[in-house]
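This report describes selected features of strand pairing and helix packing. The model is a predicted one.

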Amino acid sequence: MMKNCFGKLFVAVFITAFMVMTMPGPGFAAGVIKIGVAGPHSGDLASYGIPTVKAAELVVKDINAKGGVLGKKIELIVEDDVCKPEVANNTATKLASQNVPFVIGHICSGATKAALGIYRESKILAISPSATNPALTQSGDYPNFFRTIASDDAQAKLEVDFALDVLKVKNIAVLHDKGDYGKGLAEFAKSFLEKDKRAKVVLYEGITPGAVDYSAIVQKIKRSKAEAVIFGGYHPEASKIVTQMRKKKMKIIFISDDGVKDDTFIKIAGKYAEGVYATGPKDVSKNPLAISAKEAHKKAYGKDHGAFYLEAYSATLALLNAIEKAGSTDYGAVSKALRTEYVETPIGKIRFDNKGDATGVGFSMYQVQNGVYVEVK
């Protein structure tokens, strides 16, 4: 009787062990690898988030048609954070509850920061095509975070150098929208200007996002006798400020960031957008993979891609390449592969450094000319 019990116990233990060994790991469900795509897919900043969804869809469709990765098909789990930290927190929790091991996103720096702690605790790797706040990689708080865009200190330095070396302005107003992204960029710009001393910061102030009327700040700009404005923030506020400035016949130069280098800014500001400068990711229009990615978007969706599309396309390629090289969806193995394995993408041949920043990426200056952004050489 005792011998029979031991026999039954051995069989039960063996079956349990076999089931554990053959169970799908994190991210595997019914033969798929789950990847979250998080960002603003509705609201004023949807034009920044939707291109990332489209990029991920196109890359995944192509990869799945070729058999997927590690013999598994890729399944996208798309979640909207409306670019708001409090919503992003819920979005991250939702993705973590679905055992999603990887996320392409988030888009806005504040929303990204709100989500990363949850991802870190849940061992989820996130790659953003657009979250540029330097602390996201430089603080060391988020070893699970990567990005395919340069950080705001590089962007702010380019804006300041352009204002001083090319435009030769002496008095500059620096504004921001009080958010992690906009304020962080403005603080860097102010710091660079104060260290250089060739120009004076005649006004430094935060504005309230979503306001209907910015006439008070426009009047402050006018009274400051600024020759140029450097603005850290997004297109909804920038378009209103520029429009009100131009309606008051103020010819002050307006310089902003990749939160404004978007066709939506031009559509909203209309004729008043003309002449506005904005930094954005380096022009990669001659890269064959960039050309192919743009054509794929046009063919699939019948229109040109939007902001951060190529960065998102590259982020998705980099992630899938890392999973393939790692031979699993294991957090540590994929993290190591992202940092050590190069991959050809629309933004160039990249890997990520120890902080999580993509190597070889940077910013260029653009100007609205005849209703479109053109790179300033």
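## Strand pairing and helix packing

A173 has L203 in strand 7 as its bridge partner. Strand 6 and strand 7 run in the parallel sense and are paired over six bridges. Strand 6 spans residues 171–176, and because five of its six residues are buried, the strand is largely enclosed by the rest of the structure.

Strand 7 also contains V202. With a relative accessibility of 24%, V202 counts as partly exposed, because buried residues lie under 20% and exposed ones over 50%. Beyond its neighbours within four places in sequence, V202 contacts N171, I172 and A173, together with S224 and A226. I127 is 75 residues from V202 along the chain, and the C-alpha atoms of the two are 38 Å apart.

A second region concerns the packing of two helices, whose residue ranges are given below.

| Element | Residues | Residues in the mutual contact |
|---|---|---|
| Helix 12 | 309–326 | A318, L319, A322, I323, K325, A326 |
| Helix 13 | 331–340 | A333, V334, A337, L338 |

Helix 12 packs against helix 13 at an angle of about 120°, and their axes are 8 Å apart. Helix 12 is therefore oblique to helix 13. The crossing of these two helices, helix 12 and helix 13, is right-handed. By residue class, the contact of helix 12 with helix 13 comprises nine nonpolar residues, one charged residue and no polar residue.

Definitions and conventions
Residues numbered from 1 in each chain as written. Predicted model: local features only at pLDDT ≥ 70, side-chain atom pairs only at ≥ 80, totals over all residues. Heavy atoms only, no water. Axes fitted to C-alpha atoms, helices over the stretch in contact; angles between N-to-C directions. Helix = DSSP H or I, 4+ residues; strand = E, 2+ residues; numbered from the N terminus. Parallel < 35°, antiparallel > 145°, perpendicular 65-115°, else oblique. Left-handed = near helix turned anticlockwise from the far one by under 90°. Contact = heavy atoms within 4.5 Å. Nonpolar A, V, L, I, M, F, W, Y, C, P; charged D, E, K, R; others polar. Buried < 20%, exposed > 50% of the residue type's maximum accessible area, 1.4 Å probe, protein only. Pairing = 2+ DSSP bridges.
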